[in-house]
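Hi,

Here is the structure I promised to pass on. Have a look at it first, and my notes follow underneath.

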Number of protein chains: 2
Amino acid sequence: MNRRERNPEVLFQLALDGDRSALARLLSMIEQGGDAARVVGRLSYPRGGHAYTVGLTGAPGAGKSTLTSAIIGHLRKADIEVAVLAIDPSSPFTGGAILGDRVRMQDHATDPGVFIRSMATRGHLGGLSLATPEAIRLLDAIGRHWVLVETVGVGQVEVEVAGKADTTVVVVNPGWGDSVQANKAGLMEIADVFVINKADRKGADETRRDLEQMLDLSDIPHGEWRPPIVATVASAGQGVDELWDVVGQHRDFIVANGELERRRRFRLREELREIVARRLEQKAREICTGDRWDQLTDGVVQRTIDPWSAADEMLNPVSA
Amino acid sequence: MNRRERNPEVLFQLALDGDRSALARLLSMIEQGGDAARVVGRLSYPRGGHAYTVGLTGAPGAGKSTLTSAIIGHLRKADIEVAVLAIDPSSPFTGGAILGDRVRMQDHATDPGVFIRSMATRGHLGGLSLATPEAIRLLDAIGRHWVLVETVGVGQVEVEVAGKADTTVVVVNPGWGDSVQANKAGLMEIADVFVINKADRKGADETRRDLEQMLDLSDIPHGEWRPPIVATVASAGQGVDELWDVVGQHRDFIVANGELERRRRFRLREELREIVARRLEQKAREICTGDRWDQLTDGVVQRTIDPWSAADEMLNPVSA
């Protein structure tokens, strides 16, 4: 590939043919937003619909990267291709240049069946909540049908992004309570599966009882999915087979009862609503600037026009 | 006045002639927002520009109402007319029906030179941050040239509303730290004058030192206004004369150096920006509903259209 290639249509064709650096460049376009990102979206959309996404979230240090790496190993033994998006809303670094503790995943860096990408946001209008589903659709379109979405923390953005996967895995540790206190309710709400990682440490049993009790309290109706709790020691590969079995059970469950379709439909509606809201926001920023804006605010200050009428005049080309 | 009168132009004329219930009705229109509110705004605007607003804010229980009542008494002795807006974003009650601890102000209820009004928000698009300046403009237009704006708490909304006055008075008590911990920085930022009310209680000196120290730390440039600290015992009328003197000094200061004009200009620009943003928000809500919205989201779910193009189609009548 020409290293300076910037045409998304050319890059898309190259990515379809397996060119990883073309794929990386398309993902950068999605991160950066703008017109190129929209072209990528238009190219991806008709080819998608086959990927299944698994979100992994939990407090920093819970061992998500090690667990993700272990899951990749598990899938690769069965010759299943996989893509990983590592979402870090707090980091200005992207593109895998600085992967931090994700270095363990580099075990798989030379495996063509594995694609790992760290994502942050660089000016994408709507940020990661819009860039992430777009990135997943691109991976889907070029034939990566298992996408793991790992988020680095348990803040609002991370939980939101992770909760938009088809199956969401919440990773905790023995004695988890303190580290996620601030967003326990948010994590309970999005979890389809709980993992107690580092389960060889003291307090694993108490943590299981703690989770079971919270699930009892959340009063899940009969016939609904109750998140199973899986114990793992990811660094030793323990419990990963069972975890993946449980993820498969959840998938079968939500396919069978129509929940997967409802979830995806709901997410697309939310995404569309978000796009509309962001576009109007941008519109407002564009409107509230420039000569015409200055003239009208001067008019308001000098009382030749009232604020509401001034807003009408500003909005005229928009609301006409 | 005909009790059923609903024409804002008729009501405005009556209010100009001193009819208090017409004024109360116009303020209700502003609270409720909508077309009538905008008519009131258009009527008020050209007649304004004479009122000076003093904001009073502080933690619940700090004695703001007692202090406001004492200030009213001080102004009435000099035969100055005054209007008070008591802003309570947390209350669904308005119009002075339930005044809570503002009952002390009822001392002035029968005085035609005093107009007291409790304001909350009932569906006003943009809430109190837009209704309050509109209410002030109305009071200004009908000839109330001193407007006291009292807010009930130290939350984000209260601080924002209070901070939009020409002179902002922050009321604290001895040992104030704990009660306003959450928003100390916000209060420091808006204060033009500090009042230590209930200054006869233990800890008044420490509180003054505390405030002076924070002012030292905030590193006010030479020649800028440094908020004075006034001790009052509002329930006994002590310190109120001094407080009003200091408010007058602040007024003279910001008139002389052009700061008053800058503040007002800035506030009007902010208000106009807010109106534009709110109108676009409403537009987004209107857009993301109805048959066309359903059809387009169905199209996105069925992959006959990508989300960005669907958003384009939804926005077409807006952005054309």
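The contact between the two chains draws on 36 residues from chain A and 36 residues from chain B. Keep in mind as you read that this is a predicted model.

On the side of chain A that touches chain B, the elements giving two or more residues are α3 (34-44), α11 (259-287), α12 (290-301) and α13 (307-319). Which of them gives the most? That would be α11(A), with 14 residues. If you sort the residues on this side of chain A by class, you get 20 nonpolar, six polar and ten charged.

Since α11(A) gives the most to that side, I went through its pairing with the other chain in some detail. Its partner is helix α11 of chain B, residues 259-287, and the two axes are 10 Å apart, at an angle of about 155°. An angle over 145° counts as roughly antiparallel, so that is how α11(A) runs relative to α11(B). The crossing of α11(A) with α11(B) is right-handed.

As for who meets whom, α11(A) brings A:V276, A:A277, A:L280, A:K283, A:A284 and A:I287. From α11(B) come B:V276, B:A277, B:L280, B:K283, B:A284 and B:I287. By class, this helix-to-helix contact has ten nonpolar residues and two charged ones, with no polar residues.

Now to the other end of chain A, and helix α1 (residues 8-16). Which residues are buried there? They are A:P8, A:L11, A:F12, A:L14 and A:A15. Around the helix axis these residues span an arc of only 165°, which means they sit on the same side of α1(A). Among the things covering them are α2 (20-32) and α3 of chain A. The α3 helix is also on the list of elements that give two or more residues to the side touching chain B. Following α1(A) you will find A:G18, which has a positive phi, near 100°.

Finally, some overall numbers for chain A. There are 13 helices and seven strands in it. Of its 320 residues, 45% are buried. Looking at contacts between residues at least 6 apart in sequence, 74% join residues at least 24 apart.

If you open the model, I'd begin with α11(A) and α11(B), where the residues listed above meet, and then go over to the buried side of α1(A).

Cheers

Notes
Residues numbered from 1 in each chain as written. Chains lettered and ligands numbered in written order. Predicted model: local features only at pLDDT ≥ 70, side-chain atom pairs only at ≥ 80, totals over all residues. Contact = placed C-beta atoms within 7 Å. Helix = DSSP H or I, 4+ residues; strand = E, 2+ residues; numbered from the N terminus. Nonpolar A, V, L, I, M, F, W, Y, C, P; charged D, E, K, R; others polar. Axes fitted to C-alpha atoms, helices over the stretch in contact; angles between N-to-C directions. Parallel < 35°, antiparallel > 145°, perpendicular 65-115°, else oblique. Left-handed = near helix turned anticlockwise from the far one by under 90°. Buried ≥ 20, exposed ≤ 12 C-beta atoms within 10 Å, placed from the backbone. Arc of directions from axis to C-beta.
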